[in-house]
Amino acid sequence: MKKPSAHYTQTIQSEYVFFEEIEDNTLLIDCEIDCQFGRKQIQEVKFENCRFSTAEYKQTEFLDVIFQKCDLSNFNFNKSIFYRCEFQTCKLLGTQFIGSTCKDVSWLNCLMNYAILSEGKMNQVCFRESQLEEAFFHNCKFQQTSFELCNLQLADFSESKLKGVNLSSSDFVDIKLTPSLAKGLSIRFDQAPAIAAMLGVTIKN
């Protein structure tokens with residue numbers, strides 16, 4: 001997985017900034033970010049502990065962007081593109097990424113309960129040490145996607161092909177998936193009863 005490029009030529013701290021006016025290669029710390037009319041692309045920018053007045057960022061292309069310690073709950077990133085991006089210790093409760101394309105993207109130590117990532121294309125994507133309780137992954141296309149030490153209780157993978165997906169280091173008691181598309185999914189022994197129940201199989205001691 002490729003890491004975001006982080007060559008920042010300027011730092012802006014504790015200022016009110018319009019999203020449309022942010023220049024490439026900028027580090028923003030403790031800033032208030034507002035959005036007037038939207039923007040198609042943003043590149044090599046890091047948002048550290050920033051606050052966002054607007055939650056609408058659909059159909060935006062994010063290249064080498066890092067969000068660190070930001071509250072992005074209930075944001076709309078639908079049909080956006082993320083290349084070489086990281087979300088670090090962010091709050092993303094109910095955030096929508098429907099129909100988005102993610103390549104070389106990491107969610108690290110994020111709170112993502114009820115997040116909606118359905119119909120997404122995920123290539124070389126990592127979810128690590130994140131809360132994904134009741135998150136939605138309907139009809140996603142996974143390629144080299146990992147879930148490491150995550151909470152996946154009641155996460156919904158319905159209509160998604162799970163070949164090559166490894167959930168063995170994450171935790172769940174109940175999970176939703178389409179049994180006919182689960183071939184190639186890797187799980188732990190103690191996770192097997194949840195999957196077997198969907199198949200109508202009873203495990204006896």
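The following exchange walks through a predicted model of one chain, from its overall make-up to single residues.

Visitor: What kind of model is this, and which numbering and atoms are used?
Guide: This is a predicted model, in which local features need pLDDT of at least 70 and side-chain atom pairs count only at pLDDT 80 or more, while totals for chains, interfaces and linings use all residues. Residues are numbered from 1 along each chain as its sequence is written, and side-chain values use heavy atoms, with hydrogens and water left out.

Visitor: How many helices and strands does the secondary structure of the chain come to?
Guide: Elements are DSSP runs numbered from the N terminus, with helices being H or I of at least four residues and strands E of at least two. Read from the N terminus on, the order is β-β-β-β-β-β-β-β-β-β-β-β-β-α. The count for the chain is therefore one helix and 13 strands.

Visitor: What radius of gyration does the chain have beside that of a compact globule?
Guide: The radius is taken over C-alpha atoms, and the globule rule is 2.2 Å times the number of residues to the power 0.38. Along the principal axes, the C-alpha atoms fill a box of roughly 60 × 25 × 25 Å. Because a compact globule of 205 residues would come near 17 Å, the chain agrees with the rule at 18 Å.

Visitor: Which residues have the most contacts inside the largest nonpolar core?
Guide: A nonpolar core is a set of buried Ala, Val, Leu, Ile, Met, Phe, Trp, Tyr and Cys residues joined through side-chain atoms within 4.5 Å, where buried means under 20% relative accessible area, exposed over 50% and partly exposed in between (1.4 Å probe, protein chains only). The elements that give two or more residues to this core include β5 (41–48), β9 (101–108) and α1 (192–198). The core has 57 residues, and those with the most contacts inside it are Phe47, Phe87, Trp107, Phe127 and Phe137.

Visitor: Is Ala115 buried or exposed, and what is its relative accessible area?
Guide: Ala115 lies in the loop between β9 and β10. Leaving aside neighbours within four places in sequence, Ala115 is in contact (heavy atoms within 4.5 Å) with Leu92, Gly94, Thr95, Ala135 and Phe136. Thr95 is 20 residues away in sequence, yet its C-alpha lies 4.8 Å from that of Ala115. Ala115 is buried, with a relative accessible area of 0%.

Visitor: What separates the C-alpha atoms of Phe75 and Gln96?
Guide: Phe75, placed in the loop between β7 and β8, is buried, with a relative accessible area of 5%. Not counting residues up to four places away in sequence, Phe75 touches Phe52, Thr54, Ala55, Tyr57, Thr95 and Gln96. Although Phe75 and Gln96 are 21 residues apart along the chain, their C-alpha atoms are separated by 6.2 Å.

Visitor: Where does Leu154 lie, and what is its phi?
Guide: Most residues other than glycine have a negative phi. Leu154, in the loop between β11 and β12 (156–157), is partly exposed, with a relative accessible area of 32%. Leu154 is not a glycine, but its phi is positive, at about 60°.

Visitor: In which loop does Glu119 lie?
Guide: Glu119 is a residue other than glycine with a positive phi, near 60°. Its place is the loop between β9 and β10.
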